[in-house]
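Got the viewer open? Load the chain, switch to cartoon, and keep the selection box handy for a short walk through it.

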Amino acid sequence: MKRNIDILKEIQKNIHSFRVMSENIDITVSDEDTELADMINDGREEITDIIAVIGGIAEQLAVLTEDVRNAMCNDGFDCDDYDMWNNYISDNPYELEGRLESVEEALEILDFFILESLKGYKMLTQFAYSPETANLPRNREAGDT
């Protein structure tokens, strides 16, 4: 059984993959003077890959506990909206053209949530000071002896 923190780390990796793929699509569109719809129509590998990553993130979000999903929603990422967008895109790849920017923005918010969660997790699970090290040296410049 996986913990929420493990799933969040996997989602974070997929978000980073998504960013690279999205940038590559942007570069292809500008360099080849083509449109995203043309890439979708041609069944380009970049399109199928990014749709798969979007779907993978949706699957990972679905297994998180409700308290984590609620915390995400409180921080501005709505799992239900993301799931709806994923369903639209997986049913009709041409939906990617109108929803890619929304997905990008949502994943930025999600990535920030994950970064803050990981930081909090690390702080809470680190070792506390032992009684021997709790008396750290005093600041001698301030006149403490």
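Start by selecting Q12, which sits in helix α1, the run covering residues 4-31. Bear in mind that what you are looking at is a predicted model. Is Q12 buried or exposed? Show the surface and check: Q12 counts as buried because its relative accessible area is 13%, and the cut-off for that label is under 20%. Now bring up what surrounds it. Leaving aside residues up to four places away in sequence, Q12 touches D111, I114, L115 and L118. Those four are worth displaying as sticks together with Q12.

**Along α1**

Next, select the whole of α1. The helix has 28 residues and runs 40 Å from its first C-alpha to its last, close to the 40 Å expected at 1.5 Å a residue. Colour its buried residues: I5, I7, L8, I11, Q12, I15, F18, S22, I25 and T28. What lies over them? The cover includes α2 (36-41), α3, α4 and α6. Then step off the end of the helix to D33, which follows α1 and has a positive phi, near 50 degrees.

**Over to α4**

Now pick residues 66-74, which make up helix α4, and highlight its buried residues V68, R69 and M72. Look down the axis of α4: these buried residues fall within an arc of 100 degrees, so they line one face of the helix. Which exposed residues sit on the face turned away from that buried side? Select E66, D67 and N74 to see them. To find the partners of the buried side, show α1, α3 (45-62), α5 (79-91) and α6 (95-125), since the buried residues of α4 pack against these helices. Just after α4 comes G76, another stop for your torsion display, with a positive phi of about 105 degrees.

**Zooming out**

Clear the selection and take in the chain. How many helices and strands are there? The chain has six helices and zero strands, giving the pattern α-α-α-α-α-α when read along the sequence. Of the 145 residues in the chain, 30% are buried. If you plot a contact map, look away from the diagonal: among contacts with a separation of 6 or more, 69% are between residues 24 or more positions apart. Finally, turn on the surface for the chain. Its accessible area comes to about 9,600 Å², and carbon and sulfur atoms account for 49% of that.

Technical notes:
Residues numbered from 1 in each chain as written. Predicted model: local features only at pLDDT ≥ 70, side-chain atom pairs only at ≥ 80, totals over all residues. Heavy atoms only, no water. Helix = DSSP H or I, 4+ residues; strand = E, 2+ residues; numbered from the N terminus. Buried < 20%, exposed > 50% of the residue type's maximum accessible area, 1.4 Å probe, protein only. Contact = heavy atoms within 4.5 Å. Areas by Shrake-Rupley, 256 points an atom, 1.4 Å probe, with all protein chains shown as cover. Arc of directions from axis to C-beta. Expected span 1.5 Å × (residues − 1).
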